[in-house]
Each structure stands twice: as C-alpha cells, then as structure tokens.
Amino acid sequence: MALFPALLLALLAGAHAELPGCKIRITSKALELVKQEGMRFLEQELETITIPDLRGKEGQFHYNITEVQVTELQLNSSELHFQPGQELILQITNASLGLRFRRQLAYWVFSDGGYINASAEGVSIRTGLQLSQDPTGRMKVSNLSCQAFVSRMHMTFGGTFGRLYDFLSTFIISGMRLLLNQQICPVLYHSGMILLNSLLDTVPVRSSVDELVGIDYSLLKDPVVSTDNLDMEFRGAFFPLAEGNWSFLNRAVEPQLQEQERMVYVAFSEFFFNSALESYFWAGAFRLSLEKMPKDLDMLLRATYFGSIVFLTPAEINSPLKLELQVTAPPRCTIKPSGTTVSVTASVSIYLVPPNLPEIQLSSMIMEARLSAKMALRGKALRAQLELSRFRIYSNQSALESLAMIPLQAPLKTVLQIGVMPMINERTWRGVQIPLPERISFVREVVTNHAGFLTIGADLHFAKGLREVIEKNQPANTKDTQASSAPPPSTAAA
C-alpha cells in the first residue's frame, strides 16, 4: 500500500512540472569545432604557468632554480567527449613543454650559474567539466576535476662542469616534475571555473527584446549529458516589460529533439511564439492607425458610407478619412507539419477627421486574418517573415451590413499587404536572440515543422576566438580569483 501514495506524489509532481518552450541540443559533431577553439585557448593558458623557485641540497650539492618560463607547448593528441551525467571530458596525451630557467649550482668549492633549456615530455591531462544551472537559471561550470602527470623531463647542462651536473641533475629533475605536476591543474581550474564561466555569463537569461517585451531563457533543470548529446531545457517565455513578474501557463506540446546529424538543434513550441504574441498584445503593440489611404480605397469608402456622409456639413464631408485597426484578442500561432500560421481577430473602424473637430465614426467592422509564417535562424537570431494568406471582414451589427462590406474586402486586403505587412515584417525580421554565448552563431540552418513545435538544425560558427571573447568579459579581479579558487596541489597532481 505504501507504493500507491508514492506513485500519486510522483504523478502530481510531473503534472506540475513546467514544460520548456525552447530546447537546445549540442551533438558530438560540434565537439571537434569546440575542441579546436578550446585547445587554442588552453595552449595560451598553459603557457602562462608560473612555477615557483626550486631550492635545495643533496649532500654537498646545492641548487637554486629561478625564473622558470614555458617557452614552447605542443598538445599533440587530444579528445573531447560527453560523459553521461553532467560532464564534458577533455583528455590530452603525449603533450610536451619546453622550459627555460636560471640555475645557480654549487658542489663543494665549485659553483656555476646560467640559463638552461629543458623539456617535459609525455604530459597527460584529464579534466572534467560538470555543468549545472545556477540560482538565476544560467548554465555554469559548477565543478572541475583534473589529473595531470609529467612522465619524464630532460635537461642538458653546459659549462665547465656539464658532465658532473648531468650526473647530479636527478634531484633537480624530480623536483621540477613535481612542481610542474602541481601547477597544471590550477591553471585548468581557473580557465574552467573563472574564464569559461565568464563566457557563459554572456548567454542571455532574462533580457529585453525591445522597449515593450522581454524574454526569459532560464534553464528549467540541470543540463543532461548523454554519450552523444548535451540537452538543455529553457523556459522560453516572453513577457511584457511593464509587468516584470508576468507569466503564462504553458499548455503546448513539449518540443522533442531526436536528430543528431548537425552540430546543434533548437526546438520551439507553440507556447514560445504564443507568449510573444500575448506579451505584445498586453503591451499595446497591436494598434495601428492609417491616415493616408490610396485614392481608390478613399473613393470606395466614401461611396460605401454615402448614406452617413451626405447629412454632414461640407467641411466634414471633405475631411480626410482614417482607418484604425486594433487587435481584440491575443493572436494565436499554430504549428503543423504543413507550415506555421498566425490567426488574428481585430476591429477595423473608419473615421472622418475634420480639422479642429471631433472625429466622426462611419463604421466599425470585424476583421479575421490568417498569416503564414516562415521561420529562419540567421546568426543567432530567430526571425520570421509573415504573409497575409486569408482575410475577411464582416459587421457585428447585421448581416445586411456585412453584405455591403463585400466590395471592401479586396481593397482593404491590398492596404494591409502594402501598408501594414511591411511594418510588421520589419519588426519580426529583426528577430529575437537565441541563448548562445557571445560571438558564437549558427550557419547552414534547416527548419522542420512538426505537430505543435518546430526544430532548426544548424552548425556552429565562432566569429572570434575564445580568448578575445573571454578577455572582453572576464572579471576584473581574475588574478585574485585564480589564487583563491585554485584547488589544492593534492587535487592537481595525479
């Protein structure tokens, strides 16, 4: 009997779980490009390794190693892959480092000094990035594991006592290997926990789209990592900026991602688009006034409403006409395999506008329109191109008045196509940003419609190197943060 309450609680929790309006999948095909950019950045970071001075003595042999610098770095073999859970694993094998440092050596009454070139070979590094959502809904590197090992070092001493120092250099080589082992992981830890997180800070979470509406891309749960993919679920909801805590209930079909042929896939449900339409509706964006109409339509409107105009004064009869269009309910987006449509219901009012006198309403009618929408992903902005596919007007007063409006259908539709649709498309083609880090964009996009959602498959493109973007966005106190956030040496050395 104890099983039934537990099952009931699980069902209730699932029923109240928030559905995502947007999903993003990064496939293993993206990892090669990510690895190329990441390795270039990592090479530059490892070249900044600072190795402390090494001092000591063995019997009568005294040594002092200072001014250690990395002069060359070769990361010959590397692999980046997903590890089920929440981790991204980077494995580097058979790497090598070139070093140069200043020596001060003494043996009995003999002493010597100068600079030495050395090499560390067979360097192996394994690091794992654990990804999770932070309290603000942003994806973060929440933990980083690291193992580093230098299998061998080689250094050649010159000078008068070169052969003697080669014999005694075992102590120096062992000490240098230990220090190098301990210094690699703190550099990687800083790169992941501080610098990479500063790059993830450029991903928009809750931001404004324009002066009326904002969008919420908060993660709903931790990213899920499988063998082949990294999947992320976002709220994907628009909201009126004037109502910061506004939220819409998501009853749409949950978008599904099953493809793996491209580097990245993005899915949007009907809720994503409907929350945008509803936000703009409540923000008062769907109101339009046309005060300059084509002559043919002006003459047709005056003829249609001649019975109302004829009893007015000459000044009112000759005054200009105005058409006002106001959407009466939030438009609705419908996504089917055959295409995407937006249904709109609006009131259309016709006025005479005499100078310095109150406006005179001639008629009010209901307009129902259906717009076909073509979605595209350009750069990292989701854009839409709308086209008026169906249009009808009718009177909410009487069937007879609706019949009288039939001649107005064609010219009003033309006005909408010529005067209104370009203004709408100018806004929708500006698009809305997808949650990607700065300077990373999509290329070679393919849009596919499904029942209740659409997916876009694309490849990734880095407009700038990771170092340029990270240096632009990294914290000002990064050096202090590096010192305080580095793991202990026991974590760094394998």
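Buried here means under 20% relative accessible area, and by that cut-off aspartate 459, at 12% relative accessibility, counts as buried. The legends below all refer to a predicted model.

**Figure 1. The whole chain of the predicted model, as a starting point.** The protein chain carries 13 helices and 22 strands. Of its 494 residues, 48% are buried. Among contacts with a separation of 6 or more, 71% join residues 24 or more positions apart. The chain exposes about 24,900 Å², with carbon and sulfur atoms supplying 55% of that. A search of the whole structure turns up 21 salt bridges, and a few of them get their own views further down.

**Figure 2. An open sheet of six strands, in the order S10-S11-S1-S13-S22-S21.** The pairing here is antiparallel. Strand S10 (224-225) and strand S21 (440-449) sit at the edges with a single partner strand each, so one side of each has no neighbour in the sheet. At one end, S10 and strand S11 (residues 229-234) pair over two bridges, again in the antiparallel sense. Look for valine 224: its bridge partner in S11 is aspartate 231. Helix H5 (residues 270-282) lies across strand S13 (264-269) and strand S22 (453-462), and runs at about 55° to S13.

**Figure 3. A three-stranded open sheet, ordered S8-S9-S12.** This one is antiparallel too. Strand S8 (206-208) and strand S12 (237-240) are the edge strands, each pairing on one side only. From one strand to the next, the twist averages 25°. S8 is joined to strand S9 (residues 213-216) by three bridges, with the two strands running antiparallel. Within that pair, arginine 206 has aspartate 216 as its bridge partner in S9. Helix H5 shows up here as well: it lies across S9 and S12, at about 5° to S12.

**Figure 4. Glutamate 18 and arginine 235 in a salt bridge.** The closest N and O atoms of the pair are 2.7 Å apart. Glutamate 18 is in the loop between helix H1 (3-16) and strand S1 (22-27), and arginine 235 is in the loop between S11 and S12, so the contact ties together parts 217 residues apart in sequence. Both count as partly exposed: glutamate 18 has 41% relative accessibility, and arginine 235 has a relative accessible area of 24%. Zoom out a little and a network of salt bridges appears, linking Glu18, Arg206, Asp216 and Arg235. Arg206 and Asp216 are familiar from the previous view, where they are bridge partners in the sheet.

**Figure 5. Two more salt bridges, glutamate 254 with lysine 23 and arginine 262 with aspartate 459.** In the pair of glutamate 254 and lysine 23, the N to O distance is 3.0 Å. Glutamate 254 lies in the loop between S12 and S13 while lysine 23 belongs to strand S1, so this pair ties together parts 231 residues apart in sequence. Glutamate 254 is partly exposed at 26% relative accessibility, whereas lysine 23 is buried, with a relative accessible area of 10%. Now for arginine 262 and aspartate 459, whose closest N and O atoms are 3.6 Å apart. Arginine 262 is in the loop between S12 and S13 and aspartate 459 is in strand S22, 197 residues away. Arginine 262 has a relative accessible area of 19% and is buried, and aspartate 459 is buried as well, at 12%.

**Figure 6. Two asparagines with positive phi, Asn94 and Asn356.** Most residues other than glycine have a negative phi. Asparagine 94 has phi near 55° and sits in strand S5 (residues 87-107). Asparagine 356, with phi of about 60°, is in the loop between strand S17 (339-352) and strand S18 (360-378). How accessible is each? Asparagine 94 is partly exposed, with a relative accessible area of 47%, while asparagine 356 is exposed, at 83% relative accessibility.

**Figure 7. A nonpolar surface patch made of Phe306, Val310 and Phe311.** Together the three residues have about 370 Å² of accessible area. Phenylalanine 311 is in the loop between helix H7 (306-309) and helix H8 (314-317). Its relative accessible area is 74%, so phenylalanine 311 counts as exposed.

**Figure 8. Glutamate 43 and its contacts with Leu73 and Leu75.** Glutamate 43 is in helix H2 (residues 31-46) and is partly exposed, at 28% relative accessibility. Leaving out residues up to four places away in sequence, glutamate 43 touches Leu73 and Leu75. Leucine 75 is 32 residues from glutamate 43 along the chain, and their C-alpha atoms are separated by 7.6 Å.

Terms used:
Residues are numbered from 1 along each chain as its sequence is written. This is a predicted model: local features need pLDDT of at least 70, side-chain atom pairs count only at pLDDT 80 or more; totals for chains, interfaces and linings use all residues. Side-chain values use heavy atoms; hydrogens and water are left out. Two strands pair if DSSP finds at least two bridges between them. Helices (H or I, at least four residues) and strands (E, at least two) are DSSP runs, numbered from the N terminus. Contact means heavy atoms within 4.5 Å. Axes are lines fitted to C-alpha atoms, for helices over the stretch in contact, and angles run from 0 to 180 degrees between N-to-C directions. Patches are made of residues with over 30% relative accessible area and no salt bridge: like charges are joined within 9 Å, nonpolar side chains (Val, Leu, Ile, Met, Phe, Trp, Tyr) within 5 Å. Accessible areas come from the Shrake-Rupley method with a 1.4 Å probe; for residues, only the protein chains shown count as cover. A salt bridge is a side-chain nitrogen of Lys or Arg within 4 Å of a carboxyl oxygen of Asp or Glu. Buried means under 20% relative accessible area, exposed over 50%, partly exposed in between (1.4 Å probe, protein chains only).
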